[in-house]
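Me: I have a structure open on my screen and would like to learn how to read it. Could you take me through some features?

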Amino acid sequence: HVGAETFIQTNIWGPFNFLEYIKEHPVEKYVQVSTDETFGSLSLESKEKFTEESAFAPNIPYSATKAGGDLLCRAYHSTWKVPVVVTHCSNNYGPYQYPEKLIPFFIVRMIEGKTLPLYGDGKHVRDWIYVLDHCEALELCLFEGRAGEVYNIGADNEKANVDIARAVLAYFKKDDSSLEFVADRPGHDRRYSIDSSKVRTELGWVPRTVFQEGLSET
């Protein structure tokens with residue numbers, strides 16, 4: 001089990017060590033890969049999206065420590081002009097993803113003939129992006145992004161967890177009888193939504209992968 005102390009070591013001390021090194025040994029650019037979870041939760045009824053100016057409102061230790069690392073990046077750029085770019089991306093999926101993550105977890109459960117467990121009512125919404133689309137955006141941020149800037153990366157592909165489960169069920173020719181609703185987890189954010197207009201306009205990035213095609217690849 002990964003606890004808050006591990007997140008602190010990785011997500012705060014990790015960037016701190018990078019930034020301290022780069023301060024003394026300049027590089028052309030450092031990209032801090034962060035998460036949309038730093039912005040907290042949106043309601044299901046809201047049409048709001050997270051922008052680069054959205055306030056941090058993390059609800060779990062993981063996202064709180066990611067926000068801490070992002071703020072260190074801001075401070076090191078402001079104080080010592082360390083050339084850092086921060087990105088906030090939505091949920092990634094794709095081949096070979098670590099199996100604790102939602103989509104590969106569901107796929108493995110199907111292969112093993114098990115049910116697909118869904119937290120709460122299964123209506124928690126995430127914005128999904130294919131991993132190679134994210135990698136292309138990161139490459140642009142590294143080579144073309146402006147130091148000191150923040151870029152949100154999302155594919156405008158919001159889906160409820162229950163819809164993700166049903167897409168996996170359909171691939172394996174199963175129905176809703178394979179769904180299992182379980183107790184919700186603490187601090188479970190209701191909805192994430194990314195406004196990626198800045199990275200699209202400024203750096204010319206566009207996501208290429210349609211969700212169903214990316215799911216089949218996965």
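Reply: Happy to; we will go through the sheet, a helix pair and two backbone angles. This is a predicted model, in which local features need pLDDT of at least 70 and side-chain atom pairs count only at pLDDT 80 or more, while totals for chains, interfaces and linings use all residues. Residues are numbered from 1 along each chain as its sequence is written, and side-chain values use heavy atoms, with hydrogens and water left out.

Me: Let's start with the sheet. What is the strand order in the open sheet?

Reply: Helices (H or I, at least four residues) and strands (E, at least two) are DSSP runs, numbered from the N terminus. Two strands pair if DSSP finds at least two bridges between them. Here the 3 strands follow the order β1-β2-β6, with parallel pairing. β1 and β6 (150-153) are the edge strands, each pairing on one side only.

Me: How many bridges join β1 to β2, and how many link β2 with β6?

Reply: β1 and β2 share 6 bridges; in one of them, T35 is partnered by C89 of β2. Between β2 and β6 there are 4 bridges, and T87 has Y151 of β6 as its bridge partner.

Me: Is β1 mostly covered or uncovered?

Reply: Buried means under 20% relative accessible area, exposed over 50%, and partly exposed in between (1.4 Å probe, protein chains only). In β1 (residues 30-35), 5 of the 6 residues are buried, and the strand is mostly covered.

Me: Now the helices. At what angle do α3 and α5 pack?

Reply: Axes are lines fitted to C-alpha atoms, for helices over the stretch in contact, and angles run from 0 to 180 degrees between N-to-C directions. α3 and α5 (residues 161-171) pack at about 40°, with axes 10 Å apart.

Me: Which residues of α3 and α5 meet?

Reply: Contact means heavy atoms within 4.5 Å. From α3, L102, I103, F106, I107 and M110 meet N161, I164, A165, V168 and L169 of α5.

Me: One last feature: what is unusual about phi in K81 and Y96?

Reply: Most residues other than glycine have a negative phi. K81, however, has a positive phi near 60°, and Y96 has one of about 70°. K81 sits in the loop between α2 (61-80) and β2 (84-89), while Y96 is in the loop between β3 (91-93) and α3 (102-111).

Me: Why do K81 and Y96 count as exposed?

Reply: K81 counts as exposed because its relative accessibility is 59%. Y96 counts as exposed because its value is 84%.
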